[in-house]
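Please open the model in your viewer and keep the sequence panel beside it, since the stops below are given by chain and residue number.

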Amino acid sequence: MILDFDVIWSSLPLFFSGLKVTVELLLIALGIGLLLAVPLALMRVSKNPAVNFPAWLYTYVIRGTPMLVQLFLIYYGLGQFEAVRESVLWPWLSQASFCAWLAFAINTSAYTAEILAGSLKATPGGEIEAAKAIGMPRMMMYRRIVLPSALRRALPQYSNEVIMMLHTTSLASLVTLVDITGAARTVSSQYYLPFEAFITAAVFYLCLTFCLVRLFKYLEGRYLAYLAPRRG
Amino acid sequence: MKKIMLLGALALSALASLPAVAEKPLRIGIEAAYPPFAFKTPEGAISGFDYDIGNALCAEMKVECQWIEQEFDGLIPALKVRKFDAVLSSMSITPERAKSVDFTSKYYHTPAKLAMAEGVVVNDPVVDLKGKKIGVQRGSIYDRYATDKFIPAGVEVVRYSTQNEIFLDMTAKRLDGTLADSVNIDDGFFKTDAGKGFAFAGPDFTEEAYFGNGAGIAVRKGDQALAAKINKAIEGIRANGKYQEVQNKYFNFNVYGE
């Protein structure tokens with residue numbers, strides 16, 4: 001098979017601007033998602049049903065529906081209502097990029113909350129007892145002991161979520177954003193060379209995934225070193 | 001060894017004789033989101049001018065039509081990899097596309113136009129659209145024209161998978177306008193509730209290098225036999241009144257052009 005490298009070469013600027021959109025989308029979604037996920041996870045481990053139930057319902061609904069459906073609901077669905085179109089939120093919701101940020105942030109927050117909740121539940125009893133033994137108040141114990149410890153131990157699972165999220169951002173091309181996949185679709189429809197277009201997109205995603213994997217390897221080495229088996 | 005060769009020869013001859021036994025159905029690719037040319041009825045069946053013309057052509061050629069749905073920007077790639085044998089989906093005959101596929105003669109020709117909010121005056125699109133958001137269907141002739149002429153003029157061109165999504169975003173005021181086929185805009189948008197408050201603006205777009213000379217049926221490069229067969233069928237239904245009958249079902253004017 002002979003690839004048409006001229007087409008790939010001449011469309012590289014489009015792919016790089018797509019790369020910027022993808023990375024932006026990923027960082028914003030992950031940032032907001034993580035901020036939402038910490039309180040949600042704390043709610044999820046609460047023994048009080050009035051606190052636990054709303055968080056459970058949220059993660060259940062979000063994790064129980066496909067990302068694409070959520071994105072279409074926010075982008076095309078909300079725009080259908082006159083009341084939404086005349087609300088103060090419309091200048092935001094009318095932008096495809098904001099809709100994508102919102103949908104992806106909501107989605108990743110639910111998954112991250114469950115990861116964190118699992119990690120919180122698995123906090124070694126000894127750490128909590130030690131904090132209590134030296135008379136730490138509850139809030140301080142959460143701030144200094146429980147959360148940092150849980151966040152560290154959630155790293156390996158969270159890295160999976162981040163990589164899944166990177167791949168999910170490709171859905172943004174379905175609501176007119178020109179991310180890496182959007183660039184590939186544009187090139188593919190312009191030159192009728194889908195293989196060249198999508199193989200280039202695949203290489204871009206592969207490089208991004210590689211960077212993310214290296215980043216998390218580094219973070220795990222730094223923050224999880226104390227859990228590693230002793231070297232002889 | 002001889003036995004194997006004999007078996008092989010038998011298998012080959014069996015394969016070769018298969019098409020002769022039953023005429024293979026003609027597989028046609030269509031994007032059913034382009035009213036009134038191609039759309040889905042509430043029951044989910046494909047309908048529209050393209051669909052009816054295709055069935056009339058198949059009847060004329062005495063072959064069975066098999067319709068395969070595909071989004072517009074994937075029609076030519078799918079044709080090339082033999083997912084189907086022809087594309088009958090309001091595809092304009094342009095020199096650009098003719099590099100990748102062969103076309104039959106046209107089966108209709110309607111002009112391209114801009115749709116904008118009512119009252120917007122567009123004299124020279126390249127000047128008056130500056131800073132505006134114009135939606136086009138990805139991979140369409142309108143996409144190509146907008147990419148080449150509008151983007152350098154400072155127009156923001158947004159690409160969509162289907163024209164229906166563009167109409168949705170026109171109603172939602174995410175777009176200032178769209179460049180598309182005038183009949184598609186009129187029938188698929190203006191005549192619906194969603195299209196209230198919108199109207200045609202500016203001139204007809206006719207530059208032949210972009211807008212071609214009407215919509216044709218695309219076949220794989222070099223498939224002259226099929227193209228000739230379909231051309232004969234187009235002449236056939238034009239002559240026997242079948243074309244007129246289908247046209248009258250959807251339009252009250254001559255869509256074939258001069």
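The tour goes through chain A and then chain B, one selection at a time.

Before selecting anything, bear in mind that this is a predicted model. Begin with the whole of chain A, in which there are 12 helices and zero strands, and whose C-alpha trace spans about 70 × 60 × 25 Å along its principal axes.

Within chain A, select helix α2, residues 12-44, together with helix α3, residues 49-63; the two pack with their axes 7 Å apart and at an angle of about 125°. Because of that angle, α2(A) is oblique to α3(A), and the crossing in which α2(A) passes α3(A) is left-handed.

Now show side chains where these helices touch: on the α2(A) side the residues are A:Leu40, A:Met43 and A:Arg44, and they meet A:Val51, A:Asn52, A:Pro54, A:Ala55, A:Trp56, A:Tyr58 and A:Thr59 of α3(A). Coloured by class, the contact of α2(A) with α3(A) shows seven nonpolar, two polar and one charged residues.

Turn next to chain B and colour it by the domain assignment, which gives domain 1 as 24-109 + 213-250 and domain 2 as 112-211. Taken over C-alpha atoms, the centres of domain 1 and domain 2 of chain B are separated by 24 Å, and their contact takes 16 residues from domain 1 of chain B and 20 residues from domain 2 of chain B.

Staying in chain B, select the open sheet of five strands, whose order is β4-β1-β5-β12-β6 and whose pairing is mixed. At its edges are β4 (65-69) and β6 (101-103) of chain B, each of which pairs on one side only, and neighbouring strands of this sheet are turned by 35° against each other on average, direction ignored.

For a closer look at the pairing, pick strand β1 (residues 26-30) and strand β5 (residues 86-92) of chain B, which run parallel and are joined by two bridges. Which residue of β5(B) is the bridge partner of B:Gly29? The partner is B:Val87.

Finally, add the helices that lie against these strands. Helix α2 (residues 49-61) of chain B packs on the sheet, where it touches β1, β4, β5 and β12 (215-220) of chain B, and its direction makes about 150° with that of β4(B). Helix α10 (residues 224-239) of chain B, in turn, lies across β1, β6 and β12 of chain B and runs at about 150° to β12(B).

Key:
Residues numbered from 1 in each chain as written. Chains lettered and ligands numbered in written order. Predicted model: local features only at pLDDT ≥ 70, side-chain atom pairs only at ≥ 80, totals over all residues. Heavy atoms only, no water. Axes fitted to C-alpha atoms, helices over the stretch in contact; angles between N-to-C directions. Helix = DSSP H or I, 4+ residues; strand = E, 2+ residues; numbered from the N terminus. Parallel < 35°, antiparallel > 145°, perpendicular 65-115°, else oblique. Left-handed = near helix turned anticlockwise from the far one by under 90°. Contact = heavy atoms within 4.5 Å. Nonpolar A, V, L, I, M, F, W, Y, C, P; charged D, E, K, R; others polar. Pairing = 2+ DSSP bridges. Domains from an automatic or database assignment.
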